[in-house]
Amino acid sequence: MIDITLTVNGEDRSASVRDSESLLTVLRETLALPGSKPACEQGECGSCSVVLDGELVCSCLVMAADCDESIVRTVEGLAQGDKLHPVQQAMLDSGGVQCGFCTPGFVVAAAHYLDENPDPSSDELREELSGNICRCTGYGAILRALEGLAQR
Amino acid sequence: MESVLPKSLQEALAALESEPDATLLAGGTDIMVEVNLAGLRPAHVIGLRRIDELRQLEGRRIGSGVTYRRLENGEHVALAQLSRTVGSPQIRNAGTIGGNLGTASPAGDALPFLAALDAEVELASAKATRVMRWDEFIVGVKKNSRQPGELITAAILPEHVPQRQAFAKIGVRSAMVISTVSACLFRDDDGTTTIALGSVAPIPLRPRKAEAMISAEKSPSQAALAEFARLVSEEVSPITDHRSTEGYRRYASGVLARRLLERCL
């Protein structure tokens with residue numbers, strides 16, 4: 001076991017991590033933050049997207065032991081109390097959610113991108129979300145939600 | 001498992017000297033797939049992402065820890081083009097040039113760029129630093145010449161890099177795809193042309209006959225372009241696997257080569 005301390009959604013947390021387990025596993029199973037989803041576990045689908053030290057990454061491809069003293073933002077850190085993050089609200093308003101499994105990854109990726117690039121073109125938005133896959137193929141509603149938000 | 005997270009190159013090399021066979025972890029995009037899906041359980045890990053010296057991008061030197069994301073808007077057009085084809089934003093934020101060299105996959109996206117330029121790879125250990133040409137370093141499918149105790153510190157480009165350069169790859173979609181065929185071409189003012197292709201041989205392939213033939217053509221005719229494509233198709237050495245067939249890869253290699261050359265004329 002390796003002991004790490006890290007800041008998750010603004011809170012100092014510590015965890016004993018097993019062997020080479022991923023940040024995704026530690027978030028879900030040790031730190032009780034199951035919002036980031038495990039699906040492909042090979043970086044193909046983006047359902048486990050988190051922001052690690054300021055960069056959007058797939059948490060399944062991050063070794064938890066390599067996260068000592070890191071700063072992590074997960075989907076659980078987006079809402080302010082009962083008030084949803086504008087990206088979450090836009091996804092609800094536009095019906096950008098079907099089965100919901102890919103949604104946390106899309107929300108984290110879009111919120112991070114729109115924070116830094118509030119007015120992207122449609123192509124830029126698509127490119128930035130190219131690492132997030134929706135198997136219900138609900139991309140149209142997701143993009144409409146985010147494009148509407150970008151224009152506001 | 002034991003892990004060390006050095007903050008300087010010196011610390012990393014000292015850690016590597018005491019555990020020469022430690023697993024070197026850069027962006028994790030290859031190693032963690034092995035961990036998650038193939039049961040890899042490294043005994044010793046040295047995490048490299050905190051080492052500033054490896055993240056330097058200056059002149060001819062690309063530090064091994066430089067991520068694709070940072071190369072997307074760089075001065076070398078072909079390097080920017082290839083960086084934008086890597087995985088997805090998530091993968092480009094993590095994946096590094098050093099990791100691409102370390103994995104030495106036949107499909108490594110940065111490798112045709114380095115091979116077409118005859119770039120060098122710099123390796124350091126606690127005792128010494130050495131530099132070797134790309135084809136001394138990459139020696140087979142996922143095989144390289146790094147010795148225990150060594151760390152890949154940089155890719156070093158030649159002093160002269162032709163301005164006219166282009167990269168392209170073929171895959172089943174534009175994002176999140178491992179190349180079926182990739183190619184990178186440079187055309188200098190005197191006509192000298194170099195091209196390297198990926199995913200068509202165990203290591204990046206330089207079709208030398210095609211290079212020599214087209215380098216002698218100052219303003220290639222349609223017939224010369226066709227001959228260039230034919231020679232490239234003849235010289236590549238692809239296999240049939242789950243991503244494509246030998247025949248398609250051979251054909252596509254010629255098409256890509258000609259297309260890149262036309263962009264550089």
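**Figure 1. Surroundings of helix H4 in chain B of the predicted model.** The elements that cover the buried residues of H4(B) include three helices of chain B, namely H3 (68–71), H5 (89–94) and H7 (111–116). Strands E11 (164–170) and E12 (181–187) of chain B are also among the covering elements. Within H4 itself, which spans residues 77–85 of chain B, the buried positions are B:Ala78, B:Leu79, B:Leu82 and B:Ser83. Viewed down the axis of H4(B), these buried residues lie within an arc of 135 degrees and therefore line one face of the helix. An α-helix has 3.6 residues a turn, so residues three or four places apart point the same way. Just after H4(B), B:Gly87 adopts a positive phi of about 45 degrees.

**Figure 2. The open five-stranded sheet of chain B.** The strand order is E4-E5-E10-E6-E7 (chain B), and the pairing is antiparallel. Strand E4 (57–58) and strand E7 (129–133) of chain B occupy the edges; each has a single partner strand, so one side of each is left without a neighbour in the sheet.

**Figure 3. Pairing of strand E6 of chain B with E10(B) and with E7(B).** Strand E6 (residues 120–124) of chain B is joined to strand E10 (residues 151–156) of chain B in the antiparallel sense by five bridges. In this pairing, B:Ala124 is placed opposite B:Leu151 of E10(B). E6(B) also pairs with E7(B), again in the antiparallel sense and over five bridges. Here B:Val121 has B:Met132 of E7(B) as its bridge partner. E6(B) and E7(B) form a hairpin, with four residues between the two strands.

**Figure 4. The interface between chain A and chain B.** The contact involves 24 residues of chain A and 25 residues of chain B. On the side of chain A that touches chain B, strand E4 (residues 55–58) of chain A gives the most, with four residues. By class, this side of chain A comprises nine nonpolar, eight polar and seven charged residues.

**Figure 5. The two assigned domains of chain A and the contact between them.** The domain assignment places residues 2–77 of chain A in domain 1 and residues 86–151 in domain 2. Taken over C-alpha atoms, the centres of domain 1 and domain 2 of chain A are separated by 21 Å. The contact takes 14 residues from domain 1 of chain A and 11 residues from domain 2 of chain A. Strand E3 (residues 49–52) of chain A gives the most to the domain 1 side, with three residues. That side of domain 1 of chain A has seven nonpolar, six polar and one charged residues.

Terms used
Residues are numbered from 1 along each chain as its sequence is written. Chains are lettered from A and ligands numbered from 1 in the order in which they are written. This is a predicted model: local features need pLDDT of at least 70, side-chain atom pairs count only at pLDDT 80 or more; totals for chains, interfaces and linings use all residues. A residue is buried if 20 or more other C-beta atoms lie within 10 Å of its own, exposed if 12 or fewer, and partly exposed in between; C-beta atoms are placed from the backbone. The arc is that of the directions from the helix axis to the C-beta atoms. Two residues are in contact if their C-beta atoms, placed from the backbone, lie within 7 Å. Ala, Val, Leu, Ile, Met, Phe, Trp, Tyr, Cys and Pro count as nonpolar, Asp, Glu, Lys and Arg as charged, and the others, Gly among them, as polar. Two strands pair if DSSP finds at least two bridges between them. Domain bounds come from an automatic or database domain assignment.
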